Amino acid sequence: WPVYLIRYPQVGTTGNAVDMVAGATPLHHMQMPALPEESLMDMFLGNIGGCIGEVCTLALLAGAAFLIWKGIISVRIPAAYLGTVAVLTLIFSKGDNAFAWMMYSLLGGGVMLGALFMATDYVTSPMEPKGMIIFGVGIGVITILIREFGAYPEGISFAILIMNATVP
């Protein structure tokens, strides 16, 4: 279907052929800085607009729980990453409610997808337990630096790529 829309863009832009909405994601509102209009529960359950992998935290956590249960991934990298993002977001809170800011930062954008699936890639992530923790913390620090001091609202992909370069 997306290839069809690329070849024939008038299908997606005229008439009622496709049901879609274009607009700012909750993470974009946080770059303004303002907390999103969506509730935390809507963000957790995926009742928001956004890219695939950033809308339903519940589904991402269920998939990650299965992978951890089967021993396919370790919990070290996601825990270090999410913990670092949580602590640094509390420190660099842009609003009156630091806890809400932290929760929206964890549920918004690709933080969960990056922590649970991208950062735990076999080929590019560390094999040693201590290295996994350092790797996760490094990704969290770089993500927050990009989000807080850069013009780009996300930062996760770049953070993972930068930290991948440090893994032997």
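**Exercise 1. In this predicted model, work out how α8 and α10 are oriented to each other.**

Solution. Start with the axes. Those of α8 and helix α10 (residues 156-164) come within 9 Å and cross at roughly 30°. Next, apply the cut-off: angles under 35 degrees count as roughly parallel. α8 and α10 are therefore roughly parallel to each other. Now find the contact. V111, G114 and M118 of α8 meet I156, S157 and I160 of α10. Finally, sort the residues of this contact: four are nonpolar, two polar and none charged.

**Exercise 2. Describe how α5 packs against α8.**

Solution. Take the geometry first. Helix α5 (residues 57-69) and helix α8 (residues 111-118) have axes that come within 10 Å and cross at roughly 15°. The pair is therefore roughly parallel. The crossing of α5 past α8 is left-handed. Then list the partners. From α5 come T57, L60, L61, G63, A64 and L67; from α8 come M112, L113, L116 and F117. By type, the residues of the contact of α5 with α8 are eight nonpolar, two polar and no charged.

**Exercise 3. Which residues of the largest nonpolar core touch the most other members, and which helices supply the core?**

Solution. The core has 25 residues. Y81, L82, L106, V111, A119, F135 and I139 touch the most other members. At least two residues each come from α5, α6 (76-91), α7 (98-107), α8, α9 (129-149) and α10. Look closer at F135. Leaving out residues up to four places away in sequence, F135 touches I77, A119, T124, S125, P126, M163, N164 and V167. Last, note a second, separate core of five residues, among them I48, V55, Y104 and L107.

Definitions and conventions:
Residues numbered from 1 in each chain as written. Predicted model: local features only at pLDDT ≥ 70, side-chain atom pairs only at ≥ 80, totals over all residues. Heavy atoms only, no water. Axes fitted to C-alpha atoms, helices over the stretch in contact; angles between N-to-C directions. Helix = DSSP H or I, 4+ residues; strand = E, 2+ residues; numbered from the N terminus. Parallel < 35°, antiparallel > 145°, perpendicular 65-115°, else oblique. Left-handed = near helix turned anticlockwise from the far one by under 90°. Contact = heavy atoms within 4.5 Å. Nonpolar A, V, L, I, M, F, W, Y, C, P; charged D, E, K, R; others polar. Core = buried A, V, L, I, M, F, W, Y, C linked by side-chain atoms within 4.5 Å. Buried < 20%, exposed > 50% of the residue type's maximum accessible area, 1.4 Å probe, protein only.
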